[in-house]
Amino acid sequence: THVASLRRKLDIPDHRTLVKVAAEHRSAAGGRGATPPAPLTSFVGRERELAELIAAVRGARLVSAVGSGGAGKTRLALAAATNLAPAFANGVRWVDLVPVSDGPALEDALAEACDAVPTSRRGPAEAIVAALRDQPTLLVLDNCEHLVNAVAMLAERIMTACPAVTMLVTSRVRLAVPFERVLAVTGLATGSRGDAVALFIERASAAGAAADEVAPDEAARERVSAICAALGGLPLAIELAAVRMPALSIDGVEHGLLNQADLLTGGARAAARHRSITDTLDWSAALLSDAAARALRRLAVFVSPFDLGAAVNVAGFGGLTPAAMADALAELADHHLVLAGPARGQRVYRMLEPVRQYGIARITADDGQAFYEHLRWCTGALRAALDTDGAGSAGASPAAALLDEARQAIAWAM
């Protein structure tokens, strides 16, 4: 009845013509496709990472920019999408998945971003495919970590049916599909002339800090460099610390590194997970299994890189068997809450200081044994190292490598 009424009022002869008129009206109104958000701050440094991401998108149809919370994945993806937009006739369609809770909501959000209209006969996924089938489009799905399975399945469906579509996703966890190209987004370089220091200086100056107190000379740049290194080079942490400069000065910021949860707060932000480093890490921790969450808290007693054997000795109690610990470490590495890499012919793990302090702050009574196990492990490791080196050895010996752990173990014991 409504269709007949519309045709009569608009003097349209048939249903097909009515659909064409509606499509033209929608196009004239600009549609509702989601374009990339306008950046609120300048993009500092990262020329190499940006070039790598652009090249990856040009060379693969599904690219995942993965990294820890606060590593700057969204900002890097936004810069890349802006650069790549002219190459896609249908433009860039951007979807922030933070408010999206499940697979059906994902399909609805993406359909809206792509101007794809579901009907009673065609669901959101089919509508997306119909809208994008022959349209050169860059789809950017931001913050996918809580929906990796749903995103992977939808990506495969779209890319199989729409050969002109390229997808760029940002996530704390990779999608783990064979057609995915993964690009790791790590912290900024923290040297005195690195991007981390440049970002700190720019954000501190923008917040109102006087230029002569941020980095007036090379010695001051070295102090800023040390601050950035203690923050793991994470752009979000650096920005949150930099805006405290007008109130705290560089001395106060350095002192605040001892309790980064209090230092790294930025007040009201539209995205709750960016209001503080604690909110960012809460978002990551909520995605962990129970075993990985327990491992995160217990392994935070380490202040230096550690291997699987040390992890089992210190945190492998209360149900965390050696096999469960190996699985938990793999999960933490996938979520970028620990960083994994080779050292001395074996795989070692380390936590960035903001993550380590977060884990320590959340240790429960059931985890408290980790302090005692850490002390016992450290004592045994030192004895073995001294037997190998001989007492009085120095430099890069095994015993010297344990000094930071020994100091921390003594502090826990005291």
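## Glutamate 49 and its surroundings

Setting aside neighbours within four places in sequence, glutamate 49 is in contact (heavy atoms within 4.5 Å) with Leu76 and Leu183. Glutamate 49 belongs to helix H3; helices (H or I, at least four residues) and strands (E, at least two) are DSSP runs, numbered from the N terminus. With a relative accessible area of 12%, glutamate 49 is buried, where buried means under 20% relative accessible area, exposed over 50%, and partly exposed in between (1.4 Å probe, protein chains only).

A word on what you are looking at: this is a predicted model, in which local features need pLDDT of at least 70 and side-chain atom pairs count only at pLDDT 80 or more, while totals for chains, interfaces and linings use all residues. Residues are numbered from 1 along each chain as its sequence is written, and side-chain values use heavy atoms, with hydrogens and water left out.

## Strand E4 and its partners

Is strand E4 (residues 165–171) buried or exposed? Seven of its seven residues are buried, so E4 is largely enclosed by the rest of the structure. The burial covers both faces: Val165, Met167, Val169 and Ser171 lie on one side, and Thr166, Leu168 and Thr170 on the other.

E4 pairs with E1 and with E3; two strands pair if DSSP finds at least two bridges between them. Strand E1 (residues 62–66) runs parallel to E4 and is joined to E4 by five bridges, with alanine 65 opposite threonine 170. Strand E3 (residues 137–142) is also parallel to E4, again over five bridges, and here leucine 141 faces valine 169. Helix H7 (residues 148–161) completes a right-handed β-α-β unit with E3 and E4. Right-handed means that, with the strands pointing away from the viewer, the path from the first strand over the helix to the second runs clockwise.

## Helix H4 and the nonpolar cores

Helix H4 (residues 73–84) has twelve residues and spans 16 Å from first C-alpha to last, close to the expected 16 Å, which is 1.5 Å times one less than its number of residues. Its buried residues are Lys73, Leu76, Ala77, Leu78, Ala79, Ala80, Ala81 and Leu84. Among the elements covering them are H3, E1, strand E2 (92–96), E3 and E4.

Which residues have the most contacts inside the largest nonpolar core? They are Leu138, Phe200, Leu299 and Leu332, in a core of 92 residues. H4 supplies the largest share of this core, seven residues. Apart from it lies another core, of 33 residues, including Ala113, Ala127, Ile158 and Leu175. A nonpolar core here is a set of buried Ala, Val, Leu, Ile, Met, Phe, Trp, Tyr and Cys residues joined through side-chain atoms within 4.5 Å.

Leucine 138 is worth a look. Beyond its neighbours within four places in sequence, leucine 138 is in contact with Val57, Ala81, Leu84, Phe88, Gly91, Val92, Arg93, Thr166 and Leu168.

## Cysteines

How many disulfides does the structure hold? Zero, counting a disulfide as a pair of cysteine sulfur atoms within 2.5 Å. For cysteine 114, the nearest cysteine sulfur is that of cysteine 162, 9.0 Å away. Cysteine 114 is buried at 4% relative accessible area, and cysteine 378 is buried too, at 2%.

## Alanine 229 in helix H10

Alanine 229 sits in helix H10 (residues 218–230). Its relative accessible area of 44% makes alanine 229 partly exposed. From alanine 229 to glutamate 218 is eleven residues in sequence and 16 Å in space, C-alpha to C-alpha.
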